[in-house]
Amino acid sequence: MIPGPFTYHRPSSVSDAIKLLVDLGDEARPLAGGHSLIPMMKLRLATPEHLIDLQGVDGLKGITREDDNIVIGAMTTQHDLLASEVIASWLPVLRETALLIADPQIRYRGTIGGNVANGDPGNDMPALMMMLGASYRLEGPDGVRNEAATDFYQGAYFTSLEPGEILTAVSVPVPATGHGYAYEKLKRKIGDYATAAAAVILTMESCKVVTCAIGLTNLSETPLLAEKAAEAVIGTSLDEAALRNAAALAEEIMLPAADGRGPIEYRKSVGGIMVMRALKRAAARVG
Ligand code: FAD
């Protein structure tokens, strides 16, 4: 199957890309790695008349530490994340998550900007970004703004991106030294989207949880932050009762679709199991 006809544009600066998006209006879409957009075009689920390729835009790639944040350019690929010493040293949970996305061929092309801007509940990075307290740099005809990942997702394929805006970078606060982390993803086979996934970051002192955040992937129309579940484990040693309570609280906010990955009750149940596994593995990594 091939996509319908479109006109290809290759701007070399963010301002040129924004101008094209504004001038061409609703029928134009940014193109990053193309591994979500092109399949949707082949299926006629998206039919843009103009593609604004961001590959030639200067300055959209790279991973740097800026004070207490790791700043990742939107066109940085998932493969770049895996190869980065900065990510391995300061954000190992991002590395673990990137390794669970699709397969090497897709990771060579797929970008962090495309993954978080896409708005597909099956994408793995959005829940992770919410859990890490990340923010997105959005540049458009009215200038630059920074949006918290937690405010960005509004529904399946609906985000707070305004017409003409491009996501140019993701900024992630560096987690506390000695933190524990885990991304647990249940999928039907290698290369599949999550049936259910949970991301956890936590700190512990004297075997008790001090801080915790939990993100959930593909368990609702949008990525979720399981705030009550995370609060409930604070002060506990993550014994069996605390783990089960966290899973139950997380399941309360899950609203997965019934689809080829299973009926709703199954997906919620395995979602709870992913939360327990991620909490346990994160705790084992503390220090
Ligand atoms: P594109 O496909 O180019 O764009 C996606 C959308 O985001 C488009 O609407 C585009 O207009 C918009 N966009 C892109 N960049 C920007 C920007 N900078 N600013 C504003 N809007 C932008 N993903 C997962 O997370 N987990 C998986 O398990 C997984 N499995 C996959 C399996 C297969 C077989 C395939 C084909 C893909 C899979 N993916 C998975 C998707 C893959 O990770 C995509 O690469 C990613 O979701 C989108 O990134 P992209 O750079 O390819 O974006």
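This section describes the ligand site of a predicted model and the placement of one residue, Ile112.

The ligand sits in the largest pocket. The shell around the ligand comprises 30 residues, and the closest of these are Pro30, Gly34, Leu37, Thr111 and Asp124. Sorted by class, the shell holds 14 nonpolar residues, 12 polar residues and 4 charged residues. Three secondary-structure elements each contribute at least two residues to the shell: strand β2 (28-31), helix α7 (112-117) and strand β10 (166-173).

Polar contacts to ligand oxygen were found at the backbone of Gly33, Gly34 and Leu37. For Leu37, a backbone N or O atom lies 2.7 Å from an oxygen atom of the ligand. At Gly33, the distance from a backbone N or O atom to an oxygen atom of the ligand is 2.8 Å. A polar backbone atom of Gly34 is likewise 2.8 Å from an oxygen atom of the ligand. On its own, the ligand has 960 Å² of accessible area, of which the protein covers 91%.

Ile112 is placed in helix α7, an element that supplies at least two residues of the shell around the ligand. The relative accessible area of Ile112 is 1%. Ile112 is therefore classed as buried, a term that applies under 20%. Between Ile112 and Lys61 the C-alpha to C-alpha distance is 9.9 Å, while 51 residues separate the two in sequence.

Note on methods: Residues are numbered from 1 along each chain as its sequence is written. This is a predicted model: local features need pLDDT of at least 70, side-chain atom pairs count only at pLDDT 80 or more; totals for chains, interfaces and linings use all residues. Side-chain values use heavy atoms; hydrogens and water are left out. A residue is near a molecule or strand if one of its heavy atoms lies within 4 Å of it. A polar contact is a pair of N or O atoms within 3.5 Å; within protein, one must be able to donate a hydrogen and the other to accept it, and residues adjacent in sequence count only if both atoms are side-chain atoms. Accessible areas come from the Shrake-Rupley method with a 1.4 Å probe; for residues, only the protein chains shown count as cover. On a 1 Å grid over the protein atoms alone, a cavity is a set of points where a 1.4 Å probe fits but cannot get out, and a pocket is an open set with protein on both sides within 12 Å along at least five of seven lines; lining residues have an atom within 4 Å of a point. A molecule sits in a cavity or pocket if more than half of its atoms lie within 2 Å of its grid points. Helices (H or I, at least four residues) and strands (E, at least two) are DSSP runs, numbered from the N terminus. Ala, Val, Leu, Ile, Met, Phe, Trp, Tyr, Cys and Pro count as nonpolar, Asp, Glu, Lys and Arg as charged, and the others, Gly among them, as polar. Buried means under 20% relative accessible area, exposed over 50%, partly exposed in between (1.4 Å probe, protein chains only).
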